Amino acid sequence: MKVAAEADRLRAEGADVVDFGAGEPDFPTPDNIKQAAIRALEQNFTKYTPAGGTAELKRAICERHAKDFGTDYKPSECIVTVGGKHVIFNLTQALINPGDEVIIPVPYWVTYKDVVNYAGGKCVFVDTDEEKGFTVTAAMIEPHLTPRTRMVIINSPSNPSGAVVDREEFEKIFRLTSARGIYLMTDECYCKFLYDSAPYSIAALPGAKETVLVAGSLSKTYAMTGWRIGFGLVPQAIVGAMTKLQSHSTSNPTSICQKGGVEALNGPQDSVAAMLAEYRKRRDFVIQRLRAIPGVKCAEPRGAFYAYPNISVALGKGIRNTLEFAEKLLADARVAVVPGEAFGTEKHVRISYAASMAELERGLERLHGFIVQHS
Ligand SMILES: Cc1ncc(COP(=O)(O)O)c(C=O)c1O
């Protein structure tokens, strides 16, 4: 947040900042989705809806998930939320009691830690191996399970590393958790953005529906970050608890956005493939370009749209940590990145390649010069 605020300030002053900080698609929302929201406005679909979302959107979510992954959720097992963050917030608040332990692989998306802490839970961080692309395994998780473990959170593909948990490994993790009655939250926010494997959902496994909690979002898949539509596919009793919480806080997600969501899920899906093809080109370029910087290592992201290079070569001589690295990089070279400390590691920065090729070229050139200068 600190780096983003400073980048905004510099930009407002007219500085030429290359922004690799933003975690959102640079593509516009597809036109068919926008038209559906416009129609909703014109037809005065502008009133309250049920707090947990319209029946129409719940149906569309269940049908899309079934078509894509072979699951069989019913609308009664679905809740529509105000973005993916909201479903994760409400799930943790509904399920985590003070003292409950929640397993979070490192590097992690920042929000998990804070929502677990907010619920009074205890985060149990599980380190992963950079050499193996930061992917988490059942063997890494198992030693951390205790009688107090309430939930394991898996985010594949991962923000910030792009790591992917392959199906077999995810099944092993599921077996570990389900045998002990532990909830397995699968954050599927980037589930369609995979570069070398096919999308799947662990929720499709027989018996998974009792303990697997799907946290989904339309934000990245359909370039709809500002619309704020997320969803949960969870046991019906949990839908009830989350809906209670939601009905006294946000109430329903915005009515016209829900209509846009229906179109996103029921309409043509080719924009998703087009975005993926573009991200792949950018990923290949970014990785090759980062690895060309002397001393920089970068695990290959297998999904999402982030690279997580190890920039430790530039730490130690005047720059003490990745926050200082990001601050100085912004001040001197006008490139915004997110320091790895935010994601629980000490030697990395996150680069979002949801930016145009021209911006990537310009920014990586600057990053190269900056690292060489400080190595
Ligand atoms: C891993 C992960 N999960 C969930 C979300 C939530 O997205 P939103 O609240 O925009 O739907 C994000 C957004 O950055 C994310 O990176």
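Take the contacts between residues at least 6 apart in sequence: 75% of them join residues at least 24 apart. Keep in mind that this is a predicted model.

The chain holds twelve helices and twelve strands. Its radius of gyration is 21 Å, close to the 21 Å that the globule rule gives for 375 residues, so the chain is as compact as a globular protein of that length. Here are some whole-chain numbers to go with that.

| Property of the chain | Value |
|---|---|
| C-alpha trace along the principal axes | about 60 × 55 × 35 Å |
| Buried share of the 375 residues | 57% |
| Accessible surface | about 15,400 Å² |
| Carbon and sulfur share of that surface | 53% |
| Separation of the mean positions of the 43 positive and 43 negative charges | 2 Å |

Now zoom in on helix H3, which runs over residues 55-69. With 15 residues at 1.5 Å each, H3 should span 21 Å, and the end C-alpha atoms are indeed 21 Å apart, so the two figures agree.

Which residues of H3 are buried? They are Leu57, Lys58, Ala60, Ile61, Cys62, Arg64, His65 and Phe69, so you'll find Lys and Arg in the list alongside Leu, Ile and Phe. An α-helix has 3.6 residues a turn, so residues three or four places apart point the same way.

As for partners, the buried residues of H3 pack against three strands, S2 (78-81), S7 (212-217) and S8 (230-233), and also against helix H9 (255-266). Right after H3 comes Gly70, with a positive phi near 80°.

Conventions. Residues numbered from 1 in each chain as written. Predicted model: local features only at pLDDT ≥ 70, side-chain atom pairs only at ≥ 80, totals over all residues. Heavy atoms only, no water. Helix = DSSP H or I, 4+ residues; strand = E, 2+ residues; numbered from the N terminus. Expected span 1.5 Å × (residues − 1). Buried < 20%, exposed > 50% of the residue type's maximum accessible area, 1.4 Å probe, protein only. Contact = heavy atoms within 4.5 Å. Rg over C-alpha atoms; globule rule 2.2 N^0.38 Å. Areas by Shrake-Rupley, 256 points an atom, 1.4 Å probe, with all protein chains shown as cover. Lys, Arg positive; Asp, Glu negative; His and termini not counted. Charge placed at Lys NZ, Arg CZ, Asp CG, Glu CD.
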